[in-house]
Amino acid sequence: MRKPLVAALFALVIAGTGAAPAVAAPAPESAPAHSSASAVTADTRAPALKAVSLAGTVALSNCSGSVVRFPNSADTDPALVLSNGHCLETGFPEPGEVIVGQSSSRTFGLLNSAGTKVATLRASKVAYSTMTDTDITIYQLTSTYATIRNSYGISALTVQNTHPTAGTAITVASGYWKKLYNCNVDGFVYRLKEGDWTWKDSVRYTSACNTIGGTSGSPVVDQATGKVVAVNNTGNEDGERCTVNNPCEVDASGNVTVRQGINYAEETYQIPACFTTGNKLNLAASGCVLPKP
């Protein structure tokens, strides 16, 4: 689970970069440019890639996140922040536990495209949090989308409501480290098991997304659409089998595969169906398959 780890921060100190996120944050990397070599004809040309930035991402006290909206969200709706279930300030939800409507006044540092903090946003509650089947926390904020955009010039990221596709060029945008990781969706994992938790249909990255502690909760953005297709959550650090910080892949037949150094995310396309008019959570809504309390 990609929370800041003492060992990781200690390594940064040894390397001379400093442990504080504001000091250690590398400069944002640019999204890879679209190669003109692939633009042979209109029929074969790959989708033009968007310049994904840190705009709309947030820094939490121990993780990353982003201000998100759904296809049917209105500008006047209370804004939402998406992060990981294991980034919840009250601790990891237990296997099978679903938290709904929990009071929260957590704050988030809102970043612009350059990774500069432009505002502090505040939660009014935890709308939804779980580490069962997926690994997400969704906070409702005290501000609307319109207020955030009009006050700070930052628009929310839209969560895609369709399943991501293997091979897609993606960017993992970490507000905690103010860093962009660019790679591709390598494939999908039937079950990803880490310690006591199991997640379904997880995204596996290609090796270029070498995310580290602190990137937990980062939005995974499709470079062709600019939409959020997953939320970054873990990686196998030491080559161990199915332990904390060392998730393993389990296929439909129960075969286990360990991929040291490979990182993962949890899909988000299921989330929009569970939020109705006014960004209100409705786990009984048609098409909502998120785990229920």
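How many Å² does the protein expose, and what share of that do carbon and sulfur atoms supply? In the predicted model, the exposed area amounts to about 12,000 Å², and carbon and sulfur atoms account for 51% of this surface. Of the 293 residues in the protein, 49% are buried. The secondary structure comprises 3 helices and 18 strands. Among contacts with a separation of 6 or more, 66% link residues that lie 24 or more positions apart.

Strand 6, spanning residues 117-130, takes part in several antiparallel pairings. Strand 4 (residues 98-103) pairs with strand 6 in the antiparallel sense, and 5 bridges are found between them. Within this region, Gln-102 is placed opposite Val-126 of strand 6. An antiparallel pairing over 5 bridges also joins strand 6 to strand 5, which covers residues 107-111. Here Phe-108 has Leu-121 of strand 6 as its bridge partner. The hairpin formed by strand 5 and strand 6 has 5 residues between the strands, and in this hairpin Gly-115 adopts a positive phi near 90°.

Strand 6 is further paired with strand 7 (residues 136-144), again in the antiparallel sense, over 6 bridges. In this pairing, Tyr-128 is matched with Ile-138, its bridge partner in strand 7. The hairpin of strand 6 and strand 7 likewise has 5 residues between the strands; in that hairpin, a positive phi near 70° is found at Asp-133.

Technical notes
Residues numbered from 1 in each chain as written. Predicted model: local features only at pLDDT ≥ 70, side-chain atom pairs only at ≥ 80, totals over all residues. Heavy atoms only, no water. Helix = DSSP H or I, 4+ residues; strand = E, 2+ residues; numbered from the N terminus. Buried < 20%, exposed > 50% of the residue type's maximum accessible area, 1.4 Å probe, protein only. Contact = heavy atoms within 4.5 Å. Areas by Shrake-Rupley, 256 points an atom, 1.4 Å probe, with all protein chains shown as cover. Pairing = 2+ DSSP bridges.
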